[in-house]
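Here's a walk through one protein model, strand by strand and contact by contact. Keep the viewer open as you read.

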Amino acid sequence: MLFRSALSPDQRLFARGGHCVIDLVDRQGVLQKTFTWPLPQPTLAVGWSPDGQRLASASGSRVFLHEVVGKGPSLKIGRLLTTYTPSYADISAAKWSPDGSVLAVSSHAGTLSLLAPDGTTMMKRVVDVPLHAFDWTRPNSSARPNPTTLNGVAALPENGSPVAG
C-alpha cells in the first residue's frame, strides 16, 4: 500500500500517512512525532497548507482538515476543522493550491474536486481515468486557481497521460 508524504512549508518535516496515523519525520528520516486516531482505513494522502497552519489527510473516502499548532519540537496536529466526504471512494491525493485558497482532491475513480478551506465543494470534474497524482501548475506568479475551470491543476492518470485543467 502506498502512503503519500508531503514536505512542510518550512521544509523541516515530512508528514506521511500510515495505518490510522500521521507520522512527522525530519529530513534525515528520523520519526519526530506520531498522531494516532481511530480511522476505518489507512491515511493514504496528506497535504500541508502553504502557511503550515492546516494539514489535509485522506482516509478511504473522507478528507480531514486538521489545525496545525506550534512550531519545531512543540508542533502538533490540533483539532479537526472539518471533514469532507465526496460521492466517490479511494482518494488518491490531496494538495493545497500555492496560495492556500483551494484544496484539490483526486480519486482512483477519476474524479478531481476543488474544495474551499472549509471543506465545501467548489467544483468537481470527472476525467474518466483513474488519477494517480496531480500537482498545481504556476503559469505565472499572478495566476490564481480558477475553481470553475480547474485552471492551474495538472493531473497524472495511472496510464501516465497528463490531463491539464
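How many bridges join β5 to strand β6, and do the two run parallel or antiparallel? There are 5 bridges, and the strands run antiparallel. For orientation, β6 covers residues 54–59, and one facing pair to look for is T43 opposite S59 in β6. Bear in mind throughout that this is a predicted model.

**The overall picture**

The protein has 15 strands and 0 helices. Of its 165 residues, 45% count as buried. If you take the contacts with a separation of 6 or more, 39% of them come from residues 24 or more positions apart.

**The sheet with β5 and β6**

The β5–β6 pair belongs to an open sheet of 4 strands, in the order β5-β6-β7-β8 with antiparallel pairing. Why is one side of β5 and of β8 left without a neighbour in the sheet? Both stand at the edges with a single partner strand each, so there is nothing in the sheet on their other side. On average, neighbouring strands here are turned by 25 degrees against each other, direction ignored. As a general point, strands of a sheet pair through backbone hydrogen bonds, either parallel or antiparallel.

Two residues are worth a click in this sheet. S57 lies in strand β6, and at 1% relative accessibility it counts as buried, because the cut-off is under 20%. The side chain of S57 makes a polar contact of 2.8 Å with the side chain of H66. Setting aside neighbours within four places in sequence, S57 is in contact with a list of residues including I22, W37, T43, A45, V46 and F64.

K76 lies in strand β8, and its 44% relative accessibility makes it partly exposed. Not counting residues up to four places away in sequence, K76 touches F35, E67, V68 and V69. K76 and L24 are 52 residues apart along the chain, yet their C-alpha atoms are 9.4 Å apart in space.

**The sheet with β9 and β10**

Another open sheet of 4 strands has the order β9-β10-β11-β12, again with antiparallel pairing. β9 (91–96) and β12 (121–126) are the edge strands; each has a single partner, so one side of each lacks a neighbour in the sheet. The average turn between neighbouring strands of this sheet is 15 degrees, direction ignored. Within it, β9 pairs with β10 (residues 103–107) in the antiparallel sense over 5 bridges. If you want one pair to zoom in on, the bridge partner of K95 in β10 is A104.

**Two nonpolar cores**

Which residues touch the most other members of the largest nonpolar core? They are A15, I22, L24, W48 and L55, out of 13 residues in that core. Strands β2 (13–17), β3 (21–26) and β5 (43–48) each supply at least two of the core residues. A second, separate core has 12 residues, with V63, L65, W96 and L115 among them.

A15 deserves a look of its own. Leaving out neighbours within four places in sequence, A15 is in contact with R4, S5, A6, I22, D23, L24, V46, W48 and L55. I22, L24, W48 and L55 also appear among the best-connected core members named above.

**Charged pairs**

Side chains of opposite charge can pair when their charged atoms come close. In this model the count comes to 2 salt bridges, set out here:

| Salt bridge | N to O distance |
|---|---|
| R16 and D23 | 3.3 Å |
| R79 and E67 | 3.6 Å |

For the R79 and E67 pair, the link joins distant parts of the chain: R79 sits in strand β8 and E67 in strand β7 (residues 62–69), 12 residues apart. R79 is exposed, with a relative accessible area of 54%, whereas E67 is partly exposed at 25%. E67 is also one of the residues that K76 touches.

Are the partners in the other pair buried or exposed, or something in between? R16 counts as partly exposed at 34% relative accessibility, while D23 counts as buried at 11%. D23 also turns up in the contact list of A15.

Key: Residues are numbered from 1 along each chain as its sequence is written. This is a predicted model: local features need pLDDT of at least 70, side-chain atom pairs count only at pLDDT 80 or more; totals for chains, interfaces and linings use all residues. Side-chain values use heavy atoms; hydrogens and water are left out. A nonpolar core is a set of buried Ala, Val, Leu, Ile, Met, Phe, Trp, Tyr and Cys residues joined through side-chain atoms within 4.5 Å. Buried means under 20% relative accessible area, exposed over 50%, partly exposed in between (1.4 Å probe, protein chains only). Contact means heavy atoms within 4.5 Å. Two strands pair if DSSP finds at least two bridges between them. Axes are lines fitted to C-alpha atoms, for helices over the stretch in contact, and angles run from 0 to 180 degrees between N-to-C directions. A polar contact is a pair of N or O atoms within 3.5 Å; within protein, one must be able to donate a hydrogen and the other to accept it, and residues adjacent in sequence count only if both atoms are side-chain atoms. A salt bridge is a side-chain nitrogen of Lys or Arg within 4 Å of a carboxyl oxygen of Asp or Glu.
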